[in-house]
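Work through the exercises below with the model open. Try each task before reading its solution.

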Amino acid sequence: MNIKSFPSSRFFAVRTQMHANVVPDHIPKRYRCLVVSVRMQHRTMRSHNLAVLDGTVASLEATKDAITAAAPVPGLSIALNVLIALLKKLQDARSNCDTLVVLCREAALLANALEGLAKTIRTGLEQYPVGSPRRVQAQERVSGSGSRLHGRVEKLVNDLRTICVEADMLKQRNYLAKFLHSTADAEAIAGMKDRMAAACQRFQMEGNIAIEALAAEILSFTKAAEEERILDSIPRADDAHYLSAANAMKARLEEGTREQILACLEGWEEGQFSDHCAQLPVFVLVGEAGTGKSTIASEFAKRLQGRGRLGASFFFTRGVQELNSPRKVFSTIASQLARSQPALRGLIIDAAREHLKTAPLQQLEREFKDLIDRPLNALSSSHPPIFVVVDALDECTEEGPELVPSLLQLLLSAAAKPGWPLRVFLTSRPEPHYIHRVFTTPELKPHISVISIQEFRGSVTGDIERLIGARLAEHETSKRWSDEDPSRVVRIVEKSEALFIYARTAVDFLLADVDDLLSIQERYEILMRAQGSFGLAPLDTLYRAVLENVFPPKDRLPQMQDRLQRVLGYLVAVLDPDGISPATLEKLTNMPTAESVPILNKLRSVVFFERDNVSSPFRILHATFREFLVDGSRSGDAFCVSAEQAHGRLADDCMRVMRSLLSEHWLRVAGTHAILFKLLWQGNDLRYEDAQSPHVSYAFTYHDHHLRHGPRMLPATLRQDSCYGRQAIPDNLPLLSTVNPLIPDGGFQDATVGRQALGRVIVLGMQHSLPTGNEFQDVLSEVDSCLCVVQFRQISYKYRQNIECELLSLVLDILAVVNCAPAGNVTGINAGTGAATVDVYHVRRLTIALKAAKTSIHMHDWDTVSDILAKAHRDFHEAIIAAAIPAGQ
């Protein structure tokens, strides 16, 4: 008989007797079997529900510790404890409805979600070594009280606690109430089940972001930030990239020109260059100065990048710091490869993490092996070709003969390895010979295609004619002039002798007064009359003609000649790759813009400069003009520049600017306070471009380089300072040098420029103003050590600024303590005087913190360094405030 046909009028009596475990006598015999069946079903259902409930509770208790240990998220253990407590309350209630099973299932799903979250977090953290600062940082991002992950867990805990309140009400009913309200129990548990499902859904998915995806996103962001930190720590010359502003002039390809040689390069790129050279991994383009090699290299790099094949580019530039040295070539290439090649990114980051533990810049062989060779060796043999473009090898003049052959040997040997994807495109002049000797070594020669740009001379003539025609057609007056006699363009092309730089310079010279038809004709006639009587034709002849036209002998009076020599000297010696503006030059050298701008206006055919704009940076258009100026046999007495004297003048100017920041008695404590205030609040890090005072930025950045390339001088000796009766830094010694005043012979070594270098000089002065044995001597020594280590590390701008500001702010507070020291207590440290002093305990804690920061600096853990210094400064600052001392800034 079906239980549904059982008379409802008797169901209550039957259920009552069932709880008593008997069958009532008044129940007809035909129903007694049904009663027994119902009772058995009831007992089975009850046992099953309780078993499910008990099993769920046991399972949660068994996995709770593992989940919370794997996922260090605040509140997660609370959520699990509340969930377990909720199910235990239902155990005590002994409810027997089917809905209980569904509720248990929802609880199990929630537990699975928590376990999945724990697994995601554990997997994400395992990529960092146990106990490493990076792992601690990742844990903090996951478990931070303000993280979105923590917010989700808090909401879940609140939802579960609300359900627990309902379970308490269910548990508190007595036996009779449960008996009378079993249907109500089922409804209550059903409501809890629905709320449990909703809470689980909110926890698992909120804002269309799954909880595990959220955890992975947080950890991947941490990983990405860590990777960026490592990449930023790799020393690199950013201006070496073909897209940098410093290389803008090299990218001036006139549309429709150089197509033949570019097609040749694209054929080599595709392995279809020729039968012999199709698979050769190295292509060397050789050409004389001014033939357009850099423009071709820039355009080829641009096309490679458009096709996703450019790995890195390094464009050497003669006379520009970092761009005329091989020291940062491999680290720069590695940095660019990590950003352009996804398959190499992780490999280079891992390699750099280990490499940087030794030092940022190392020997070329070590740099190459660690940062390029090992990552490339780990690539799949099926990886597509990766192209590296290196332009103007001949302009690598700093340590060129010593290091360039080694650089080429390492780079080209890697490209020549069978199965490696590296492809290298190089450009160079035919000289120097130490470069080309590498190309002919037995092990490299079979892998290198050396092509002279002269092989494409047939197409160059047409390209130059198109270039000149297009430039003249840009203006109505010049177009009318060229249309009157088309042979004029032909004669200029013939004069150029296949030199693109000649054509560019000549047409710029013609267009100096673009609206004056007579001026264009006169300048054209000057070009045609110019003869190659000086140096090497035709470029030297052109440069000589340009200079003599705009500065004729009748105008070269002594004062005018002096101004011209100064401007030409600045063109030769200024090191900033972006150039320097007349306004900045005035502040740096005291040369008025009224004197420099008219000269620069006349030089615009050979110098990049915006007419009459005192804020427009100026710089030489092409390296051949610099070479012309410094070679007296080519430029003549009137225009020849002594590079050594130009560097010497700029070194003196930079020194004057730096010393202007210092008071007359810079070793005095009061004066030092003012200096530090300027350093901290005047503007940004002096090592970087400061829009408020670019002349100060230039002085601090390039002083030492100008000093090294200026006239040779005997080493200065330290003198006795009359104020303190001890040795001090002499006026003619560079401020940006690491100076030890205890060295009798006044020896010093050049140091990396920056605000920290001047800070070290000031800290040194403070140390000498305090008596021997003073507690602050140890603190200042640790500050100096930290500044010294930071000075020689490649650190991102943000970290460097934070670290230096914290250290120099500490110095300000120390000055405040010393200045407020009571009579008889020259240190300001508590000596039982009852006056405003700082307990020696705080000073010693400060020393310990600085030592810990220095250790973290050596480990390149910049976040930890910043945290340690910030806390140390905050604690010390609070201590001196508590001591009623007016604190420093």
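A charge sits over a ring if NZ of Lys or CZ of Arg is within 6 Å of the ring centre and within 35 degrees of the ring normal. This is a predicted model: local features need pLDDT of at least 70, side-chain atom pairs count only at pLDDT 80 or more, and totals for chains, interfaces and linings use all residues. Residues are numbered from 1 along each chain as its sequence is written, and side-chain values use heavy atoms, with hydrogens and water left out.

**Exercise 1. Charges over rings**

Task: Which ring does Arg 523 lie over, and which ring lies under the charged end of Arg 619?

Solution. Start with Arg 523. It lies over the face of Phe 509, and the distance to the ring centre is 4.8 Å. Now take Arg 619. Its charged end sits over the ring of Phe 608, 4.7 Å from the centre.

**Exercise 2. Aromatic pairs**

Task: Find how many aromatic pairs the whole structure holds, then classify the pair of Phe 283 and Phe 425.

Solution. Rings of Phe, Tyr and Trp (its six-membered ring) pair if their centres lie within 6.5 Å; planes under 30 degrees apart count as stacked, over 60 as edge-to-face and the rest as tilted. The search of the whole structure gives 13 aromatic pairs. For Phe 283 and Phe 425, the centres are 5.8 Å apart and the planes make 50 degrees, a tilted pair. Next, place the two residues. Phe 283 is in strand S3 (residues 282-286) and Phe 425 in strand S6 (residues 422-428), so the pair ties together parts 142 residues apart in sequence. Strands are DSSP runs of E, at least two residues; helices are runs of H or I, at least four; both are numbered from the N terminus. Then check burial, meaning under 20% relative accessible area (exposed is over 50%, partly exposed in between; 1.4 Å probe, protein chains only). Both Phe 283 and Phe 425 are buried. Finally, look for a cluster. Phe 283 and Phe 425 belong to one aromatic cluster with Trp 268, Phe 300 and Phe 387.

**Exercise 3. A residue and its contacts**

Task: Is Asp 508 buried or exposed, and which residues does it contact beyond its neighbours within four places in sequence?

Solution. Locate it first: Asp 508 is in helix H20 (residues 500-510). Its relative accessible area is 14%, so Asp 508 is buried. Contact means heavy atoms within 4.5 Å. With neighbours within four places set aside, Asp 508 contacts Arg 252, Arg 471, Ser 605 and Leu 621.

**Exercise 4. Two helix spans**

Task: Compare the expected span with the end-to-end C-alpha distance for helix H30 and helix H12.

Solution. The expected span is 1.5 Å times one less than the number of residues. Helix H30 (residues 694-709) has 16 residues and should span 22 Å; its end C-alpha atoms are 22 Å apart, which agrees. Now check for a bend, the angle between axes fitted to the seven residues ending at a residue and the seven starting there. H30 bends by about 55 degrees at Tyr 702. It is mostly covered, with 13 of its 16 residues buried.

Turn to helix H12 (residues 329-340). Its 12 residues should span 16 Å, and its end C-alpha atoms are 16 Å apart, which agrees. Of those 12 residues, 10 are buried, so H12 is largely enclosed by the rest of the structure. Among the buried ones are Val 329, Phe 330 and Leu 337.
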